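Got a minute to go through the strands in this model with me? Let's put it on the screen first.

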Amino acid sequence: MAITRLKPFEDLMSVQDEVSRFLDEFLGTRFASSIAKRSEESTIDWIPRVDISETDDEIIVKADAPGMKKDDIKVTLSENVLTISGEKKAEREDKKKNYHRIERVFGSFTRSFYIPTNVDSSKIKASYENGVLTVTLPKKEEAKPKEIPIEVE
């Protein structure tokens, strides 16, 4: 069975591209860029993409959060629910520039995931490198799979 990525906003983005192209062709680039400037000021919710994997010893969560500082990200674990939240702050660009396209999004986000096994909360580690947050959740000894030897009689 193949794993297929869910891309719920892909069609929405292609519609936005078509509308931008329409505005550029029929109303002129100047008009389209003034709309883009107005949309820049409004905040658009975004959520970082996440990969969750599991080994015999731990659960690993990786979240893409490019352009953020580690101090802008918060990780909590409460009652087997891992929550990653933060805020990607908007960069104030030079208003004299004539933008042709603004696609980068800013704003706050929250993602929560149920962790189906007991983890040792005293040994949880989180690191942030090259725009990727990695949270390592070590399993408690009783949650690890145990191999039972078979005796031959």
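What follows is a short chat about the sheets, their pairings and two asparagines in this predicted model.

Colleague: Let's begin with the sheet that holds S1, S2, S7 and S6; which strands stand at its edges?
Modeller: This is an open sheet of 4 strands in the order S1-S2-S7-S6, with antiparallel pairing. An edge strand has a single partner strand, so one side is left without a neighbour in the sheet. That goes for strand S1 (50–54) and S6.

Colleague: And how many bridges join S2 to S7?
Modeller: Strand S2 covers residues 58–64 and runs antiparallel to S7. One of the pairs puts isoleucine 60 opposite its bridge partner threonine 136 in S7. The number of bridges joining S2 to S7 is 7.

Colleague: On to S6: which residue in S7 is the bridge partner of serine 127?
Modeller: S6 and strand S7 (residues 132–138) run antiparallel, joined by 5 bridges. They form a hairpin with 2 residues between them. In S7, the partner of serine 127 is threonine 134.

Colleague: How many of the residues of S6 are buried?
Modeller: S6 takes in residues 125–129, 5 residues in total. To count as buried, a residue needs to be under 20% relative accessible area. The strand lies largely in the open, because the number of its residues that are buried is 0.

Colleague: What about asparagine 130, buried or exposed?
Modeller: Asparagine 130 sits in the loop between S6 and S7. Its phi is near 55°, a positive value in a residue other than glycine. The relative accessible area of asparagine 130 is 75%, and the cut-off is over 50%, so asparagine 130 is exposed.

Colleague: Now the other sheet: what is the average twist from one strand to the next?
Modeller: Here 3 strands form an open sheet in the order S3-S4-S5, paired antiparallel. The edge strands, pairing on one side only, are strand S3 (73–78) and strand S5 (107–114). From one strand to the next, the twist averages 15°.

Colleague: Which residue in S5 stands opposite isoleucine 84?
Modeller: Strand S4 (residues 81–88) and S5 run antiparallel, with 8 bridges joining them. Opposite isoleucine 84 in S5 stands arginine 111.

Colleague: Last one: what is the relative accessibility of asparagine 80?
Modeller: Asparagine 80 is in the loop between S3 and S4. Its phi is positive, near 65°, in a residue other than glycine. Asparagine 80 counts as partly exposed, with a relative accessibility of 23%.

Notes: Residues numbered from 1 in each chain as written. Predicted model: local features only at pLDDT ≥ 70, side-chain atom pairs only at ≥ 80, totals over all residues. Heavy atoms only, no water. Buried < 20%, exposed > 50% of the residue type's maximum accessible area, 1.4 Å probe, protein only. Pairing = 2+ DSSP bridges. Axes fitted to C-alpha atoms, helices over the stretch in contact; angles between N-to-C directions.
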